[in-house]
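Let's take a walk through this protein together, starting from one helix and working outwards. Keep the viewer open so that you can follow each stop.

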Amino acid sequence: MRLPSLDARLEAVLALIRAGTHADIGSDHAHLPIRLIAQGRAERCVVVELHPGPLAHARGNVARARLAARIEVRAGDGFGPLAPGEVDSASVTGMGAGTIAGILRRAGEGRLPPALVLQPNDSPGPLRVWAREHGYHLRAERLIPGHWPYPVLRLERRPGDDPAYQGLPLAAALRYGPHLLREGATLLRRQVWADIVRLTPLAAPGRTAQTQLETARAALEVLGGDGH
Ligand SMILES: C[S@@+](CC[C@H](N)C(=O)[O-])C[C@H]1O[C@@H](n2cnc3c(N)ncnc32)[C@H](O)[C@@H]1O
């Protein structure tokens, strides 16, 4: 069997998953669950798809990979088709942060597993805020080059405050990522500088751009300040 190849973004998601039973919500092609099973990173997967086209795509690929006994494809919205406690990990990738946040909100606490890997196509800030408000700690973050920098977050349900944010300016850590800020990756540094260049002419007292500029400057300070 020829395994499906993943782009760099989904390779990063794959590397952050190890599970007994994993759910891939909004899977489309089902390439991620096929690779999870083939590489022994999950024992069993459930694919959830909302739309008929991607649902058929996922079913066809799972059948061709001869993995129908270990990857079940279900039609439905988000975590709705899963029983509470059925999966111990889930991924939601390749969608806007607002769409992902909606899927998490509609799931309710009961259906959400203790580990989540999220890959929004835009700013992950709202997902970091959601995690802090719903008892998840940010355990790992990646920023993957592509059409634009793709954020990948691994969250784990843990008690108490998330230690990842300790000692960091909160607004900057929520916007740019506490682990990414500490690592000081070049891609993040470029993103912060791009924000500073874009926001500087727009900023004025009382404007949102002013607050955003202050957040970007606080991030730059954590990153060590100079150099583009
Ligand atoms: C852009 S594709 C991303 C596919 C894959 N996850 C990836 O990262 O390459 C988004 C997929 O999510 C599905 N989708 C969107 N909202 C959904 C929801 N609420 N529940 C299940 N699937 C959903 C769409 O049908 C589509 O196949």
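In helix α2, the buried residues are L32, P33, I34, R35, L36 and I37. Please keep in mind as we go that this is a predicted model. Helix α2 spans residues 31-38, and six of its eight residues are buried, so the helix is largely enclosed by the rest of the structure. What lies over those buried residues? The cover includes the helices α1 and α3 (52-64), together with the strands β1 (19-25), β2 (42-49), β3 (71-75) and β4. Just past the end of α2 you will find G40, whose phi is positive at about 70 degrees.

Now look at the other side of the helix, where the chain arrives from β1. A30 sits in the loop between β1 and α2. Although A30 is not a glycine, it has a positive phi of about 65 degrees. Is A30 buried or exposed? With a relative accessibility of 0%, A30 counts as buried, since the cut-off for that class is under 20%.

Another residue with a positive phi makes a nice contrast. R66, also a residue other than glycine, has a phi near 55 degrees. R66 belongs to the loop between α3 and β3, and at 76% relative accessibility it counts as exposed.

Let's step back to strand β1, which holds H22. The relative accessibility of H22 is 0%, so this histidine counts as buried. Which residues does H22 touch, once those up to four places away in sequence are set aside? They are I17, L36, A42, R44, C45, V46, V87, S89, A90 and S91. One of these partners, L36, is among the buried residues of α2 that we met at the start.

From here we can turn to empty space. The largest pocket holds about 200 Å³. It has a lining of 13 residues, and those nearest its centre are R9, G26, H29, T93 and G94. Two elements give two or more residues to that lining, namely α1 (8-15) and β4 (89-95). Strand β4 supplies the largest share, with three residues. By type, the lining is made up of six polar, four nonpolar and three charged residues. If you are colouring the pocket by residue class, those are the counts to look for.

Next, zoom out to the whole chain. The domain assignment splits the protein into domain 1 (8-163) and domain 2 (167-228). Taken over C-alpha atoms, the centres of the two domains are 28 Å apart. How many residues of each domain are in contact with the other? On the side of domain 1 there are 14, and they meet 13 residues of domain 2.

The nonpolar interior tells a related story. The largest nonpolar core has 48 residues, and the members that touch the most other members are F79, L104, L116, L155 and V192. Both domain 1 and domain 2 give residues to this core, so it lies between them. L104 is a good residue to select: leaving out residues up to four places away in sequence, it touches F79, L112, L116, L118, L127 and W130. There is also a second, separate core of 28 residues, which includes L10, L14, V62 and Y150.

On the domain 2 side, have a look at A216, found in helix α9 (residues 208-223). A216 is buried, with a relative accessible area of 0%. Not counting residues up to four places away in sequence, A216 touches Y176, V192, D195 and I196. Of these, V192 has already appeared in the list of core residues that touch the most other members. For a sense of distance, the C-alpha atoms of A216 and P114 are 32 Å from each other, with their positions 102 residues apart along the chain.

Our last stop is G80, in the loop between β3 and β4. G80 is partly exposed, with a relative accessible area of 47%. The C-alpha atom of G80 is separated by 43 Å from that of L202, a residue 122 places away along the chain.

Note on methods:
Residues numbered from 1 in each chain as written. Predicted model: local features only at pLDDT ≥ 70, side-chain atom pairs only at ≥ 80, totals over all residues. Heavy atoms only, no water. 1 Å grid on protein atoms, 1.4 Å probe; cavity = no way out; pocket = protein on both sides within 12 Å on 5 of 7 lines; lining within 4 Å. Points joined across faces, edges and corners; volume = space filled by probe spheres on them. Helix = DSSP H or I, 4+ residues; strand = E, 2+ residues; numbered from the N terminus. Nonpolar A, V, L, I, M, F, W, Y, C, P; charged D, E, K, R; others polar. Core = buried A, V, L, I, M, F, W, Y, C linked by side-chain atoms within 4.5 Å. Buried < 20%, exposed > 50% of the residue type's maximum accessible area, 1.4 Å probe, protein only. Domains from an automatic or database assignment. Contact = heavy atoms within 4.5 Å.
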